[in-house]
Amino acid sequence: MKAIVTVGIVLSLLVSFAHAEEAIPEPTEQHEKNVEMCTENLLAIGKAIEAYQKEHGDFPAWLSDLYPKHLAEANPLQHLSEADLLLCPSDKEGGKPIYTPNTDPEMPVSYSYELNPRYREWKTEQRKVYGDAMPIVRCRHHANEDFVALNLSFSSRVYRSANTWEFQPEDMYESLEEAITTLAAGIQEHPDNENLVYVYPALVRLYMKVEREEDAENLINRYKEALKPDSIREHFVLGDMLEIMNRNEELLQLFTKLEELFPENRSVFRKLAEIHERLGNAELANEYRIKADPALALIGKPVPDFSATDLDGTPISLAQYRGKVVLLDFWAVWCGPCIAEMPTVKKVYDSYKDEGFDIIGISLDTDEQRLRDYLEENEIPWRQVFSGKGWESPVSRQYGIRAIPAPWLIDKDGTLITHQARGEKLERLVAEAVQK
């Protein structure tokens, strides 16, 4: 079967969603009221999609395609306008999604539409396994300790789930047995679909949850028989299953073999660090952590200087900022978690800019105008380094950046405090550093 998208792309998107910023919890009474109103919106959107599909023989490309006709016909609350049906009452941004690829091109929309052009082929493939219980529209504006996302399924049922439903698919079904039956049948019917290999660990976990260890073992053995010896991603999936089964010695053998085959792969190093940690091999675990993330070895040591020009063409380097606490922020406009983090970064900048704190943005964007538009629209005042080379940006390559956001916080004397200065941790560390 020809793959629609690579597993690497699928899994990277899942990880991005999993780490996207969650909404700030609301007071309980208002939270439940907003969830109720949002549920009504989702049900109306579901009816509008059904009417659109009946008329056009296909799903809409974007939710804005439902406006105004199909939303008007489905509107259960006549005091709401058709446009208001596309806005969650808990959305403080008025229809501006955290993850920018979900932005509707025509109008403000709070909801993530799973069949927009970017995801349609992938989601169509997923539906073959998960069925009509999987989400078609999602809202992530109600996060609390119980759930993160409110979902409208293809079958027009609204339910609560984890942020990334692929990691916890049982949320979609009425029971664990229904989830197991559906996933097992989907794997059986589409065994060669490379985009759906992550379903195997999910099913193993569900088998273990209902104490069907033999079924889990059989599934792993079937997977091993079809595993490609030179496929690193398929080995990682096998590793996930072995980890669920607590087969740590076999897991260590698997990734030791992968290290031989892929001696420069940081993901392999990261997994070996985790395995050695579980096995009590603290020294080896630390060695592999540093191999996976060389920046760890720089913490408490001077950060090497860089030399570049900013967006205005002015020379810029770390040395120019000596005596200040500096956030060297590797980011991009296309990076959902980076954009989600930006309000926090701005808040900390505004709070401490007059106390010796500054920021240098290292943009991994390739579209200069898109970057400039974002900076202007969001009033980002600090300087930005932009090469247009994305991951090949000379500054990011110099520091070995493999994932973003990568916020490096540097002390007044040029030493690295941390390379993971995010959220509440950022403000606390900056407050401490400017006082030294």
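**Reading cysteines and helices**

Q: Does Cys338 count as buried or exposed?

A: Cys338 counts as buried, because its relative accessibility is 4%. Buried means under 20% relative accessible area, exposed over 50% and partly exposed in between, with a 1.4 Å probe and protein chains only. This is a predicted model, where local features need pLDDT of at least 70 and side-chain atom pairs count only at pLDDT 80 or more, while totals for chains, interfaces and linings use all residues. Residues are numbered from 1 along each chain as its sequence is written, and side-chain values use heavy atoms, leaving out hydrogens and water.

Q: How many disulfides does the structure hold?

A: A disulfide is a pair of cysteine sulfur atoms within 2.5 Å. Here there is one: Cys335 joins Cys338, with 2.4 Å between their sulfur atoms. Cys335 counts as buried too, since its relative accessibility is 5%.

Q: Why is the disulfide of Cys335 and Cys338 described by a hand?

A: Look along the S-S bond of Cys335 and Cys338: the torsion about it is about 75°, so this disulfide is right-handed.

Q: Why does Cys38 have no bond to the closest cysteine sulfur?

A: Distance decides. The closest cysteine sulfur to that of Cys38 belongs to Cys139, and 3.8 Å is too far for a bond. For Cys139, the closest cysteine sulfur is in Cys88, at 3.6 Å, also too far for a bond. Cys38 is buried, at 0% relative accessibility, and Cys139 is buried with a relative accessible area of 0%.

Q: How many residues of helix α6 are buried?

A: Helices are DSSP runs (H or I, at least four residues) numbered from the N terminus. Helix α6 covers residues 199-209, and eight of its 11 residues are buried, so you can call it mostly covered. Among the buried ones are Val199, Tyr200, Leu203 and Tyr207.

Q: Which helices do the buried residues of α6 pack against?

A: Packing is read from contacts, meaning heavy atoms within 4.5 Å. The buried residues of α6 pack against α4 (120-130), α5 (176-189), α7 (213-226) and α8 (232-244). After α6 comes Glu211, with a positive phi near 60°.

Q: Where is Asn286 found?

A: Asn286 sits in helix α11, as does Ile290, and that helix spans residues 282-292. Asn286 is partly exposed, with a relative accessible area of 37%, and Ile290 is partly exposed at 32%. You can also try a distance: the C-alpha atoms of Asn286 and Arg270 are 9.9 Å apart, and these residues are 16 residues apart along the chain.

Key:
Helices (H or I, at least four residues) and strands (E, at least two) are DSSP runs, numbered from the N terminus.
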